[in-house]
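The following exercises are to be worked with the sequence and the three-dimensional structure at hand. Each task is followed by a solution in steps.

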Amino acid sequence: MTILLYDLVAEGDRRPSPFCSRTKLALAHKRLAFETTPVAMTDIKALEGGAFKTVPILKDGERVVGDSWAIADYLDEAYPDRPRLFHSPEERGLCRFLEAWLFSGVLQQVLRFYLKDIHDLLLEKDRAYFRQSRESRFGCTLEEAAAGREARLDAMRASFDPARITLIHQGQPFLSGQTPGYADCILAGVFLWIETIGTVPLLMEGDPLVAYLERVRASLAR
């Protein structure tokens with residue numbers, strides 16, 4: 001039976017979730033066939049008996065797993081004969097650190113930069129919820145978050161320098177080394193998300209992260 005992944009959907013069948021993008025890359029890394037079911041943000045609570053508040057949600061036969069980390073752990077447990085996402089507890093721990101670095105600092109400014117873009121891309125039925133919840137979280141309107149954002153663009157791009165330094169100075173094609181791992185699913189998932197939702201590009205021509213993203217795409221192509 002084919003694995004099913006509930007995937008956040010926006011206008012034009014675009015998929016605006018870094019966590020869903022990460023999970024799709026993880027499934028590709030495992031060389032597992034899967035299908036996606038698009039779901040609106042405000043419809044998630046109706047899925048699978050209301051057991052989950054967010055996507056991704058993976059359904060594999062009778063097993064239903066929510067949360068990108070739980071899904072990654074499940075995939076390695078259920079399919080140990082396929083390429084592993086984590087080769088050791090230590091590698092998993094470093095991936096946790098990578099996510100903490102990204103989401104505690106870097107992606108807070110990225111999310112603020114693109115808040116209005118995300119809102120405008122979402123399905124009409126999801127926009128009121130998104131506006132209310134994000135304006136409450138950030139303490140400002142979406143329009144205020146977007147005001148003067150061009151002045152913040154260079155600093156936002158520079159915040160990804162640790163990834164550039166790792167790839168260039170260490171001479172490795174992927175964050176995980178010579179082959180991609182879950183760390184690459186995390187970072188590439190972020191870039192794919194920004195590509196989907198952003199009206200202002202994050203990665204510019206000549207940026208080594210552009211070549212990096214293409215390597216991840218090619219390596220994990222289904």
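**Exercise 1. Locate Leu 58 in this predicted model and decide whether Leu 58 is buried or exposed.**

Solution. Step 1: Leu 58 belongs to strand β3, which covers residues 57-60. Step 2: the relative accessible area of Leu 58 is 0%. Step 3: the cut-off for a buried residue is under 20% relative accessible area; Leu 58 is therefore classed as buried.

**Exercise 2. Identify the residues in contact with Leu 58, leaving aside neighbours within four places in sequence.**

Solution. Step 1: from the N-terminal part of the list, the contacts include Ile 3, Leu 4, Leu 5 and Leu 27. Step 2: further along, Arg 63, Val 64, Val 65, Ile 71, Tyr 74 and Leu 75 are also in contact with Leu 58. Step 3: as an example of separation in sequence against separation in space, Tyr 6 is 52 residues from Leu 58 along the chain, yet the C-alpha to C-alpha separation is 6.4 Å.

**Exercise 3. Describe the sheet that contains β3 and the helices that pack on the sheet.**

Solution. Step 1: the sheet is open, has four strands with mixed pairing, and follows the order β2-β1-β3-β4. Step 2: β2 (34-39) and β4 (63-66) are the edge strands, each pairing on one side only. Step 3: from one strand to the next, the twist averages 20°. Step 4: β1 (residues 3-8) is paired with β3 in the antiparallel sense over three bridges, and Lys 59 in β3 is the bridge partner of Leu 4. Step 5: helix α1 (residues 18-29) packs on the sheet and touches β1, β2 and β3, with its direction at about 155° to that of β1. Step 6: helix α2 (residues 68-78) also packs on the sheet, touching β3 and β4, and its direction makes about 135° with that of β4.

**Exercise 4. Characterise the largest pocket by its volume and lining.**

Solution. Step 1: the volume is about 800 Å³. Step 2: the lining of the largest pocket consists of 27 residues, with Phe 19, Met 41, Thr 54, Arg 134 and Arg 137 nearest the centre. Step 3: α1, α2, α3 (89-121) and α4 (124-138) each contribute at least two lining residues, and α3 gives the largest share, six residues. Step 4: by class, this lining has 16 nonpolar, five polar and six charged residues.

Methods. Residues are numbered from 1 along each chain as its sequence is written. This is a predicted model: local features need pLDDT of at least 70, side-chain atom pairs count only at pLDDT 80 or more; totals for chains, interfaces and linings use all residues. Side-chain values use heavy atoms; hydrogens and water are left out. Buried means under 20% relative accessible area, exposed over 50%, partly exposed in between (1.4 Å probe, protein chains only). Contact means heavy atoms within 4.5 Å. Two strands pair if DSSP finds at least two bridges between them. Axes are lines fitted to C-alpha atoms, for helices over the stretch in contact, and angles run from 0 to 180 degrees between N-to-C directions. On a 1 Å grid over the protein atoms alone, a cavity is a set of points where a 1.4 Å probe fits but cannot get out, and a pocket is an open set with protein on both sides within 12 Å along at least five of seven lines; lining residues have an atom within 4 Å of a point. Grid points are joined across faces, edges and corners, and a volume is the space filled by probe spheres set on the points. Ala, Val, Leu, Ile, Met, Phe, Trp, Tyr, Cys and Pro count as nonpolar, Asp, Glu, Lys and Arg as charged, and the others, Gly among them, as polar.
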